[in-house]
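This report considers a single chain, moving from individual helices to ring pairs and then to the contacts of selected residues. Please read it beside the sequence and the structure shown here.

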Amino acid sequence: MWRTPHTHRKALEEVRASLFSKLQLFGSAKRQQQPLLGPTVALTFNFVVSVSIILMNKLVLVTVGFNYPIFLTFIHYICSWLLMALLKALSILPASPPSKSTKFFSLLALGIVMSFSTGLANISLKYNSVGFYQMAKIAVTPAIVLAEFILFRKRISFQKVIALTVVSIGVSVATVTDLQFHFFGACVALAWIVPSAANKILWSNLQQQENWTALAYVTCSP
């Protein structure tokens with residue numbers, strides 16, 4: 001059947017409209033997947049890196065015999081600063097502008113608490129087993145919840161309490177067969193809970209209230 005040019009244009013417009021609608025549907029579906037994909041990738045990456053750091057630190061401190069956990073902490077921070085500076089220079093992870101309303105005392109307090117937290121964690125890992133280290137790490141989260149309730153009257157839902165309890169019990173059961181510790185190491189582990197909880201609270205407040213990012217903090221750190 002012979003078609004007029006008008007008919008051809010109309011058919012072409014219908015094809016274009018169909019393709020455009022399909023692209024729109026694909027784009028909307030992709031945008032709906034991104035909010036779930038981003039946190040999933042971040043959590044998985046954080047889990048893998050955290051476990052790897054703990055195991056490598058234990059290997060360096062015990063198997064290799066590197067007896068300077070504080071100096072190991074210093075090496076951690078130097079490597080972190082260099083890596084963040086490289087990512088910023090390559091514009092791979094551009095830093096958002098830091099908040100100008102943030103007081104210098106808040107940043108100084110966070111830096112001091114973060115240093116104490118990481119240093120005590122490495123000392124605890126040197127003298128205690130990985131299982132005992134993980135048990136002490138479990139206690140940090142309840143300490144955060146208690147501190148936020150006392151200081152800010154912040155409450156968490158019953159569902160979160162149940163989830164926190166289940167996770168804590170699960171990690172405890174998984175590590176209960178490896179609870180080897182030194183008396184000095186146990187004291188350090190207990191002392192580590194306080195600055196670790198304070199570090200999480202201070203950093204969370206800077207992120208939520210002052211719009212700080214990790215890159216912005218590292219870039220502005222001396």
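What span should the 13 residues of helix α5 (residues 140-152) have at 1.5 Å a residue, and how far apart are its end C-alpha atoms? The expected span is 18 Å and the end C-alpha atoms lie 17 Å apart, which agrees. The expected span is taken as 1.5 Å times one less than the number of residues in the helix. Helices (H or I, at least four residues) and strands (E, at least two) are DSSP runs, numbered from the N terminus.

The model is predicted: local features need pLDDT of at least 70, side-chain atom pairs count only at pLDDT 80 or more, and totals for chains, interfaces and linings use all residues. Residues are numbered from 1 along each chain as its sequence is written, and side-chain values use heavy atoms, with hydrogens and water left out.

**Overall organisation**

The chain has eight helices and zero strands, so written in the order of the sequence as α-α-α-α-α-α-α-α. Buried residues (under 20% relative accessible area; exposed is over 50%, and partly exposed in between, with a 1.4 Å probe and protein chains only) make up 26% of the 222 residues. Among contacts (heavy atoms within 4.5 Å) with a separation of 6 or more, 85% join residues 24 or more positions apart.

The unreviewed UniProt entry places the feature "transmembrane region" at residues 36-56, 68-92, 104-125, 131-152, 161-177 and 183-203. UniProt positions follow the numbering used here, feature names are shortened, and annotations may be inferred rather than shown by experiment. Two of these spans are compared with the model below.

| Residues | Helix | Strand | Distance between end C-alpha atoms |
|---|---|---|---|
| 104-125 | 100% | 0% | 32 Å |
| 131-152 | 95% | 0% | 32 Å |

**Helices α5 and α2**

In α5, the buried residues are V140, I144 and E148. Viewed down the axis of α5, the buried residues fall within an arc of 75°, so they line one face of the helix. The arc is that of the directions from the helix axis to the C-beta atoms. The face turned away from this buried side carries the exposed residues L146 and I150. Cover for the buried residues of α5 comes from elements including α4 (130-138) and α7 (183-209). Just after α5, R153 adopts a positive phi of about 55°.

Helix α2 (residues 69-89) has 21 residues and reaches 30 Å from its first C-alpha to its last, close to the 30 Å expected at 1.5 Å a residue. Its buried residues are P69, L72, T73, M84 and L87. These cover an arc of only 105° around the axis, which puts them on the same side of α2. On the other side of α2, I70 and A89 are exposed. A positive phi of about 60° is found at S91, just after α2.

**Aromatic pairs and a charge over a ring**

Rings of Phe, Tyr and Trp (its six-membered ring) pair if their centres lie within 6.5 Å; planes under 30 degrees apart count as stacked, over 60 as edge-to-face and the rest as tilted. The count by this rule is five aromatic pairs. With ring centres 5.5 Å apart and planes at 75°, F66 and Y68 form an edge-to-face pair. F66 is partly exposed at 24% relative accessibility, whereas Y68 is exposed at 53%. Y133 and W192 form a stacked pair, at 5.2 Å centre to centre and 15° between the planes. Because Y133 lies in helix α4 and W192 in helix α7, this pair ties together parts that are 59 residues apart in sequence. Both Y133 and W192 are buried. Ring pairs also link F66, Y68, F71 and F74 into a cluster.

A charge sits over a ring if NZ of Lys or CZ of Arg is within 6 Å of the ring centre and within 35 degrees of the ring normal. K126 lies over the face of Y127, at 5.7 Å from the ring centre.

**Contacts of S124 and K58**

S124 belongs to helix α3 (residues 104-127) and is buried, with a relative accessible area of 0%. Not counting residues up to four places away in sequence, S124 touches Y133, G185, V188 and A189.

K58 lies in helix α1 (residues 5-63) and is buried at a relative accessible area of 17%. Beyond its neighbours within four places in sequence, K58 contacts T63, L125, K126, N128, S129 and V130. The C-alpha atoms of K58 and V130, 72 residues apart along the chain, are separated by 7.6 Å.
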